[in-house]
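Student: Please take one spot in this model and look at it closely. Then show me how the rest of the chain is arranged around it.

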Amino acid sequence: MRGPRPLGVVIKLGTSSIVDEKTHEPLLSILTSIVETAVKLRKDGHRVIIVSSGAIGVGLRRMDLEKRPKHLSKLQALAAIGQCRLMSLWDSLFTHLMQPIAQILLTRNDIADRSRYLNAQRTFNELLDMGVIPIVNENDTLAVSEIKFGDNDTLSAITAGMVHADLLFLMTDVDCLYDKNPRTHPDAHPIEVVEDIGSLVADVSTAGSSLGTGGMSTKIVAARLATSAGVTTVITRSSNPGNIVKIVKHIQASRSPPSLVTKVNQTTTAAAAAAEGNSERSPQAAAEQEASQTYTAAGGFTPSSPTAPVQNKIPLHTRFLPSPHPVRDRYFWILHGLRPHGTLYIDQGAYKALVGKAGLLPVGVVGVEGNFAQQEAVRLCVVDRRRKKREEGAQDGEEEKQGEEGEDGDKLWEGEPREVGRALSNYSSVEIARIKGRQSVEVERILGYADSEYVAQRESISFFDSFSRPATPVREMQD
């Protein structure tokens with residue numbers, strides 16, 4: 001009988017999980033446990049990547065400094081010092097278990113270029129095929145604000161999307177998300193399954209450490225990014241890395257793929273197992289019945305019957321279910337690999353045409369913002385086109401030219417813009433400002449040339465996930 005399908009697992013560790021916030025000493029107990037966990041996952045056949053912060057924190061210890069400096073040049077110098085020590089530490093720990101590792105340092109520029117993005121993707125896949133565990137960090141020595149990911153939560157989500165991972169673990173100092181701050185509200189309830197991040201109501205007051213740059217809010221942003229690429233995202237406590245193996249086995253044991261686990265099919269499979277009878281149940285089905293639970297109105301949970309034993313409890317965690325319509329490969333790169341340099345405002349008709357797989361024509365563009373060149377990324381925002389009044393004395397059927405100024409300068413739209421995606425523009429911002437609202441046949445007359453009839457080709461346009469799924473701030477049923 002074929003065993004469970006191996007999974008691609010990305011584990012992100014923040015600085016607070018690697019070094020002590022005050023003394024900057026490496027947290028060897030946690031690091032050793034992470035190494036043991038990663039090797040255990042590898043032996044189970046999974047493909048493992050670790051995204052590790054901590055270079056600056058280790059650099060502070062090496063140079064015997066108490067506080068993180070504010071000047072960029074000093075931070076970059078400490079990152080250069082600490083990264084060597086950090087990788088030496090990882091290599092030493094993994095060597096005890098005969099596990100080869102590799103270092104990969106990235107900046108946003110490395111993935112903004114399509115060829116470099118594909119090269120990085122191929123390198124990851126080759127290392128994983130060789131049984132190597134890549135250890136990824138942002139190249140803080142070279143990165144400046146314009147080319148930084150911002151935090152390693154975002155970097156880990158982009159890495160997970162790049163390699164088509166199944167699971168992303170965001171390790172933190174709490175067990176999971178709560179609807180309120182559990183430190184100040186004893187009645188706070190854990191949020192263990194999130195199906196729609198847009199409707200999530202959770203406490204995000206947990207800030208990053210004094211050494212790191214992230215916090216709970218950045219993890220939710222990373223979860224949004226990763227789930228849009230089809231990656232199940234888990235937030236759990238970093239001080240118990242062994243929980244990762246238990247959660248992975250919990251997901252693998254499900255009769256449905258990780259991306260399709262729902263309360264409905266969990267309840268159904270548990271009931272079906274019960275109907276088959278104790279004597280003929282498989283071990284997995286027996287576990288499903290033992291673990292089946294009913295939800296209380298308050299958001300807690302109780303065993304499904306007074307006599308039902310509670311065994312093999314799943315560690316407390318928050319799982320963000322992936323989008324049923326993931327964005328991958330080139331479309332993922334357009335959305336998350338590129339930094340937008342401007343904004344195109346399009347009307348509702350243009351948006352409907354784009355959803356129907358048509359390209360973006362100049363007539364559908366009602367506004368442009370920012371300065372960008374050809375083939376640079378831009379935001380796409382849907383707005384309502386302003387209805388222009390006919391000039392006095394104009395002949396029937398003749399309206400003001402779309403390119404002429406409206407009542408509010410050159411603004412041809414109204415209402416609140418709604419960002420729906422990103423695109424690679426065929427024309428610069430200056431060129432689009434001249435041809436917006438015009439027919440494609442007019443482009444050559446206006447500009448003196450026509451590189452394309454489209455402002456953006458359809459294959460160069462990617463939309464954010466617009467499917468809405470309800471949040472589930474209750475204890476998750478075991479599979």
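Tutor: Start with Leu 316, which is partly exposed at a relative accessible area of 23%. The cut-offs explain the label: buried means under 20% and exposed means over 50%, so a value of 23% falls in between. Keep in mind that this is a predicted model. Leu 316 sits in the loop between strand 11 (301-303) and strand 12 (318-320). Its C-alpha atom is 7.4 Å from that of Glu 192, although 124 residues separate the two along the chain. Contacts across such distances in sequence are a feature of the chain: of its contacts with a separation of 6 or more, 76% join residues 24 or more positions apart.

Strand 12, which follows the loop of Leu 316, belongs to an open sheet of 8 strands with mixed pairing, in the order 3-4-2-1-5-9-12-8. The edges are taken by strand 3 (101-106) and strand 8 (193-194); each has a single partner strand, so one side of each has no neighbour in the sheet. Helix 5 (residues 114-129) packs on the sheet and touches strand 2, strand 3 and strand 4. The direction of helix 5 makes about 125° with that of strand 2. Within the sheet, strand 1 and strand 2 run parallel and are joined by 6 bridges. Gly 8 stands opposite Arg 47 in strand 2.

Helix 1 (residues 28-43) has buried residues that pack against strand 1 (8-13) and strand 2 (47-52), and also against helix 3 (72-95), strand 4 (133-138) and helix 8 (243-252). Among these buried residues are Ile 30, Leu 31, Ile 34, Val 35 and Val 39. The length of helix 1 can be checked: at 1.5 Å a residue, its 16 residues should span 22 Å, and the end C-alpha atoms are 22 Å apart, which agrees. Just after helix 1, Gly 45 has a positive phi of about 100°.

Helix 6 (residues 152-162) lies across strand 1, strand 2, strand 3, strand 4 and strand 5 (167-172), and runs at about 135° to strand 4. The loop between helix 6 and strand 5 holds His 164. Most residues other than glycine have a negative phi. His 164 is not a glycine, yet its phi is positive, about 55°. At 35% relative accessibility, His 164 counts as partly exposed. Gln 375 also has a positive phi without being a glycine, near 65°. Gln 375 lies in the loop between strand 14 (365-370) and strand 15 (377-385), and is partly exposed with a relative accessible area of 46%.

Now the chain as a whole. There are 14 helices and 17 strands, and 51% of the 479 residues count as buried. About 22800 Å² is exposed, with carbon and sulfur atoms supplying 51% of that area.

Confidence varies along the chain. The mean pLDDT is 79, and 74% of the residues reach 70 or more. Over residues 255-311 the pLDDT is below 50, though this stretch has 75 contacts in the model beyond near neighbours in sequence. Residues 208-214 also stay under 50, with 20 contacts beyond four places in sequence. Where pLDDT is low, the predicted coordinates should not be read in detail.

Methods. Residues are numbered from 1 along each chain as its sequence is written. This is a predicted model: local features need pLDDT of at least 70, side-chain atom pairs count only at pLDDT 80 or more; totals for chains, interfaces and linings use all residues. Side-chain values use heavy atoms; hydrogens and water are left out. Helices (H or I, at least four residues) and strands (E, at least two) are DSSP runs, numbered from the N terminus. The expected span of a helix is 1.5 Å times one less than its number of residues. Buried means under 20% relative accessible area, exposed over 50%, partly exposed in between (1.4 Å probe, protein chains only). Contact means heavy atoms within 4.5 Å. Two strands pair if DSSP finds at least two bridges between them. Axes are lines fitted to C-alpha atoms, for helices over the stretch in contact, and angles run from 0 to 180 degrees between N-to-C directions. pLDDT is the predictor's confidence in each residue, from 0 to 100. Accessible areas come from the Shrake-Rupley method with a 1.4 Å probe; for residues, only the protein chains shown count as cover.
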